[in-house]
Amino acid sequence: MSLHDRLLQEAKDAGIDDDPEVQKYLKLLNVAPNDHVRKRVAQKLRLKIDRHRSHPFSEKQSPVVSPSSVKVGRGWKRGWVSLSVDDLPRHVLMSGQSGSGKTTTSYNLMSELDDLDIPFWAFDLKQDYRHLVKSDEIDDILVLPVEKFRFNPLKPPPGVSTGDWLTRFMEVFCDTQELLGGSDRFLDEQLHHFQRQSSQPTLLDLKNYIGNLSLPPQRRQFKYRVKGSIGRLLRDSPHTFDVVEGYDLEELLKRNVVFEFDGLKKWAKNFLMEILIAWIYEYRKAQNHRGDGVRHVTFLDEAKTILSVYKEQQVASGLPEIDRMVAELREFQESLIVADQEANKLTDSIKANTYTKILLATGDAKEFRAMAESLKMDRLQERWARKLGVGQAVVQKGERDPVPVDLPNFELEKDITDEELVSRMSEEWRDLSFQPLDSSTSESTEPAEDIEEESENAAESSEEAELDLSERGDRLLEDIAENPFKSVTDRYEEFSSRYQGDKAKKELLEKELVEEQTAKLKQGRMKLLELTDKAKDYLEDLDVEVERSGRGGIVHRYWQHRVSDSLEEGGLNPVVEKSHADVFVNVDGEGVALEIAMGRNAREVEHISDRLDQGFDRVVTLCRNKSVKGFIEDKLDDVDVDRDKVDVLLLRQFFDAERPF
C-alpha cells in the first residue's frame, strides 16, 4: 500500500478524510517533487490525524454569548457554549452518574434563567434545591415541601372545561397508579356522573362517591381498585389534597418554585409530577400561549420515574400520554430540562425529541451507550467521552456537532435544615391562600341499606383478588418472603424476561400485597419490595413462612443486615436485635450497640441514651446521610451522655473503614 493510501485510510479511521486540509495534504503527496517534500507533507498530515484522535471534536470557536442565551460551559478554546432561549422549548436532556455535576449544572441554568427573568419550577426528589434560598445568584425562590403544598387535582386550570380536565385527570391517575385495563374506562364513566353531582369536587368526595356505588359483581373489582388507589394518595399526602381550592398555580407559574416530593411513595410522587405537567399543558393550551419566546422552564430530576421506557414498551401506541404532552409543550413555549443517571431507562421519545443533550461522566457502559447514540458521536468521540471527569460534559444541539465543555462551578453550601427552611419560608407560606376542606360537609356517610351489602362485597372482592393471583405473582411473593433483602432487579432474573418480572411486580402493587421502597447506596439506588399485612395473611394461608428479622421498615432492616454481614466478614459475631439494639457486637471485650438512623428524628438520640443506660459500653449510630448525621450531632449537645462512648458515622464511612470503631 502506498504512503498516500495508508494516510488516507488513517484519515478515514479518524473520521476526517473529508476535511479540506486533509484533502489538500493528500493531493500534495501525489504531486510532491521529491521524497523530502513528500516526507514533510506526510508528517503534517499525521500530526493533524493524531491531534484529532486526542481531541476528535470541531475546532471551531464557540459562538459569542448573546443577551438571550444561557451559558452551559466553556469550550475547548475557552469560549462559552450557550443555549439560545429560543431553543429551550425544544427541551434539554442531561445524563450522568451520581456526583458527575448534574445538580450543579441545574443550579447554573437556574441562575441564568433568573437573570433573564424566565421563571422555573423544579421537582425535587432529594432536597437538592432548597439550598438555593441562600444563594445570591437567584433573587426569589419559593420552596414547597409536600406537606406545605395545597392542590386540588380535580379543579381545572383557568379556561379549561371541567369535562376535559377530568378526562386528563383520569389518564394521569390511571397511568401513575398503574391500574390494570378496564379501570380507566370505569373511572372515566364515573367521573362524568360525579361531575354532575358536585360543584366543587375533591379527591375525598370522589373516594366517597366511588365507595358508595352499588355495582354488579363483575364491576366491583374496578370500584375497589380505584377507591383503594385514591385512598393511597390521600394517606400519603393528606395535607396536599385536603383542600377545595389549592394554591393559585397561575400565579406560581410566574415564580421560581421548588416542589419537594422526597419521602413520598412512588404512586404519590409520580402522580403529583405528572398532574402538574398536565396542568401546565392544559392551561397553556387554553390560554393559547403560543409564540413570544420561552415562558417557563420545568426541571425534572430522576425523570425515569414518569418518562419510563418500560411504560413506553407496554403502551399499545408506543407513546405514553405524558410523552405526548411533553412533545406538545414546546408549541406553548414551555421548556423541560430532564435529568437522570440511567438514560437507558428513559423513553426513546424523550431521547429522540430533546433538541439539546448534555452528557456528563457516566460509569456504566449501558448508560453511556444510550446517550452516545442520541448525541450522534463517532467512534473516536465516544472513546474520548468515556473518560469524562466530574465537571466535564459533551453538549450537542440539534444537528450540530457535539462539543466538549468544562462546566462552571456553583458555590453553594448545602446546609439548609428543616428548621432553617421553616424560618426562611414561613412568611412566604402564610401569604399563599387556599380554601381548606370542610370535613363536616365533605365526609359522606354510606346509606344504611348499602352498609351490609358493601361490607359483604368488600370481603368477597378481597377473597377474589387473593384467589386470582397469577402464577408469576405467587412466585414473586414467595421469593420476597424467603429473600426479603434481594433487589427488584435481581428478582427479575428468576423470570423468563424482565418484562415478566415487571408484570409480576405490578400485579402485587396493584393488589396492595407489596410496597416498593428505595435504599440509596454508595453508587446508585436499590429497589426493595416490602410485604404488606395483607400479603402476610395470604402467605400464611399457603403455609409459606415469612422471614422477619430486624426492626422497622424494609430499608432499615436491609441496612441492619448489611451492617451485621459486614461485621461477620470481619471475624466478629454480631447479633441483630439484641436488647433493642439494631445490631450488637462484642469488640475486644466491649459490648457495642449499633443503631441505624434513617431520618432526622429525636428518637434516634433517645436510642443512644437508652443503650448507654442499658449498660452497653459503646454506641455507634450509623446515619443515612450527612443531614441526619448533622442533626444527631447537634441534638447530642443537649443530652447528658458520655460523648467518649458515642460515635456518629455515615453508613458509607462504616463500610469504607477497615476498622470503623
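This is a short chat about a sheet, a helix and some positive phi values in a predicted model.

Me: What kind of model is this, and how are residues numbered?
Reply: The model is predicted, with local features needing pLDDT of at least 70 and side-chain atom pairs counting only at pLDDT 80 or more, while totals for chains, interfaces and linings use all residues. Residues are numbered from 1 along each chain as its sequence is written, and side-chain values use heavy atoms, leaving out hydrogens and water.

Me: What is the strand order in the open sheet of 5 strands?
Reply: The order is S16-S17-S18-S19-S20, with mixed pairing. Strands (E, at least two residues) and helices (H or I, at least four) are DSSP runs numbered from the N terminus, and two strands pair if DSSP finds at least two bridges between them.

Me: Which are the edge strands?
Reply: S16 and S20 (646-650), each pairing on one side only. From one strand to the next, the twist averages 35°.

Me: How many bridges join S16 to S17?
Reply: There are 3, and the two strands run antiparallel. Val576 stands opposite Val583 in S17.

Me: Which strands does helix H24 lie across?
Reply: H24 (residues 554-569) lies across S16, S17, S18 (590-597) and S19 (618-623), at about 10° to S17. Axes are lines fitted to C-alpha atoms, for helices over the stretch in contact, and angles run from 0 to 180 degrees between N-to-C directions. Contact means heavy atoms within 4.5 Å.

Me: And H25?
Reply: Helix H25 (residues 602-613) lies across S17, S18, S19 and S20, running at about 165° to S18.

Me: Back to the loops. Where is His580, and is it buried or exposed?
Reply: His580 sits in the loop between S16 (575-578) and S17 (581-587). His580 counts as exposed because its relative accessibility is 53%; exposed means over 50%, buried under 20% and partly exposed in between (1.4 Å probe, protein chains only). Its phi is near 75°, a positive value in a residue other than glycine.

Me: Why does Gln333 count as buried?
Reply: Because its relative accessibility is 15%. Gln333 lies in the loop between helix H13 (321-329) and strand S9 (334-340), and its phi is near 60°, positive in a residue other than glycine.

Me: Different topic: which residues of H15 are buried?
Reply: In H15 (residues 365-375), they are Glu367, Phe368, Ala370, Met371, Ala372, Ser374 and Leu375.

Me: What covers the buried residues of H15?
Reply: The cover includes strand S3 (92-95), helix H14 (348-352), strand S10 (356-360), helix H16 (379-385) and strand S11 (392-397). Just after H15, Lys376 takes a positive phi of about 55°.
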